[in-house]
Structure formats: C-alpha cells, structure tokens
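Open the model in your viewer and keep the selection panel at hand. The tour goes stop by stop.

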Amino acid sequence: MTADALTVESHEVYFQRDHFAAWPANYGLWIWGDEVLVIFADGKVGSQGPLHARDEDHPFRPKQARSLDGGQTWVVEDFRGVVPGGETLSADEHVVSGLRSGSVLDDVAFFETLSAPIDFTDPETIVMAARTGIHADARSWFYFSRNRGRQWNGPHSFNGLSLTGVAARTDIVPLSPHHALFMLSCAKLNGLEGRAFCAESRDGGRTFSLKSFIADDENGYSIMPSSARLTDGTIITVIRRGYSEQRPGWLEGFRSNDEGQSWHPLGRIVETTGNGGNPPALSVSPKDRLYLIYGVRDQPYGIRLKTSDDSGVTWSNERIVRDNVILSDLGYARSSLRQDGKIICIYYLNNGHERFIEASIVSDGGLGNLSK
C-alpha cells in the first residue's frame, strides 16, 4: 500500500487465537542480510483494562521469530535461553505475583560469570538485555549469542552497576570491540520507574559502571532509550517521556558528542503518542539519515515514521506506516535498515481482541532513497 509518501508492505509475524503477543521493544531485533530475528512476549488475552486485555494468571513467555527473506515470511521458535526465576521474561508487571520472575530470583542460582569478553563490534555477536519489573524492586541481566539467537549464553549480571531498580531493555551502542554503552532505565528516588541513564562496559561486559543520567524528572518518567551512532561518533538517543499512564506522553531527543559522558537536549520530536505514550525505534542509514518509528495510541491509532537529516535537530512531517487499528493497545516497535535501504519495523497490533506481531517493510515514496 502507499500511505503519506511511503510504500509499505506488511506481513504477519505471529498470530494465535486468544493470545496476547506484544512488546518487541523490550527485547530486540537483529538483521544479517536477508535473515532477521525478533524477540517478543507471548501471553493470553484476558479482560479488557484501561489499555491492555491481558490474562494476568498466565505467564508471558519469550518467543523469537526468524525470517530468511528480509521479513516477508516468518518461523516462530521458543526463546533458546534460560529465564531466571520462572517463565515470564521482562514482563513481571503484566502477571500476578506468583508468576513473576523477580519474586524468586536468586543471583547464585541463575546468573553466570562471563568467562570471556564480548566483542560488541562482531556482527555475529548479539546482546539482549532483560529484566523482571519496572520499579525499585526490578532486577536486570543480559544474554549474548554468537549464532544468531539459536543459542543464548547467560543470564549474566550487570556486575558493578549498583543503581536501584535497573529495568533493562535492549539498547546498546558499540564503541570498540570491548567497549560499549548500555542505554537503560532505573527507578527514581520515589521508587517508581522513570530515570534514563547510560551505563558503560570497557571489558566486554564483565563489569559495568554508571556513566551519566540522560534525563531526570521526578514528576514524570524518562524511560526506554533508543539510540544510534553517527559516522562522526555523535550519539543520538530518543527517550519515551511522560507523567502517567493516564496522560499523554511524548518522545524527546538528546545528543552526546563525548561518548555518553554528557547529553544535550534536542527537544520534543512528537508532542504526544497517546495516553501513556509509546517507545521509540530509532535507526540510522550509512549516510546519517535518522528514522524514528513509534506507535500512536490516540485516534487514528497506528504506527508512524519521522526522519531527520540534521542529527536530530529537526524532523520531517509524520508519515503513516500502519493504520486502521481498532484499539490503542499497539506499538512497541523495533526497526532496522536492510541492505537494500528499506526499513523493516516490527511491532504489535490488535484486531479488537487478539494482540499479534506484524512486520512492515517501508520503502521510498517521496522521501528520496531511504539509504541516503
């Protein structure tokens, strides 16, 4: 289909009757030529709440989906890693206490020692961050794979990172083989979620330290960074901001010219993405064009795209990737550029009952070459 100067081709990734499959943004998306891997959570549909219709008495298990043709067709696999403390991964806030990993998590029993450093620049090595919940009692860890997610090593702890309530989603900026920034969130002083920060490892993931806080507002939340490194070394991160799940949220940009030591605000990119907001999915072309994809939880519900050609200072008008969605429960996108310059983005949608995973392949329809 063609929508707002974009040509969009959409494909089903995962759909099961009465299932609630969602939140790729919490996990990860990786691409190697025509091979694509995405991870998401799979639960069951329950009674409709203010936003979600999840069955809290059923675990949200991690699933991974793999495509060998650039995102057109998919095969769904079980997540091939150890989930510490239970079956629910990065979704404790969505289930009853008895199904939460954090309530039984034991460092000694579950976390492995990283025996050799990770090479963050190796394209065959991928890293995924994970967590229990989102507030002061949240615990976080990470995995890595050297065979495209067919086996996951870990879980490994963020050794040395002593902040309270680290709630890790996957957002990693490699700087050199053993040096990387992990863009994370932790609890605020009041114990609630909402403080974005930059952690650093200089020894391939063996130890970590706090490098900087990105944005801090005790009256609201600052979570779920999505980051890209430009060819000159500048790091751009976009953060989900807001004040509560019942009020509109927004996406805000920040720039670092010193490898995450300090952050310069770039302002609000999208004033509102609906009640509670929606996280960003940021990707960058070889020529430093930024692509920002996000879900909109205001009518008309859907998935949108903005671009920037000046390092996030200004952004294009909003363009439609996906619309005609019945409910506001959607989004949490992941995105990446394919070798042909097209964007692949993966997110969750709804049909008024089930929540399911879909992929869109976005190509030029008036923006110029997407790989510019």
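Buried means under 20% relative accessible area, exposed over 50%, and partly exposed in between, with a 1.4 Å probe and protein chains only. This is a predicted model, so local features need pLDDT of at least 70, side-chain atom pairs count only at pLDDT 80 or more, and totals for chains, interfaces and linings use all residues. Numbering starts from 1 along each chain as its sequence is written, and side-chain values use heavy atoms, with hydrogens and water left out.

**Stop 1: Gly295.** Select Gly295, in strand 20 (residues 290–296). Strands are DSSP runs of E, at least two residues, numbered from the N terminus. Gly295 counts as buried because its relative accessibility is 0%. Now add Gly331: the two C-alpha atoms are 4.2 Å apart, though 36 residues separate them in sequence.

**Stop 2: the largest nonpolar core.** Such a core is a set of buried Ala, Val, Leu, Ile, Met, Phe, Trp, Tyr and Cys residues joined through side-chain atoms within 4.5 Å. This one has 44 residues; Trp23, Trp74, Leu89, Met128 and Trp152 touch the most other members. Strand 5 (residues 35–44) gives the largest share, 6 residues. Then select Leu330, Ala333, Leu337 and Phe356, which belong to a second, separate core of 19 residues.

**Stop 3: the pocket lining.** Which strand supplies the largest share of the lining of the largest pocket? Strand 15, with 6 residues. A pocket here is an open set of points on a 1 Å grid over the protein atoms alone, where a 1.4 Å probe fits, with protein on both sides within 12 Å along at least five of seven lines; lining residues have an atom within 4 Å of a point.

Terms used:
Helix = DSSP H or I, 4+ residues; strand = E, 2+ residues; numbered from the N terminus.
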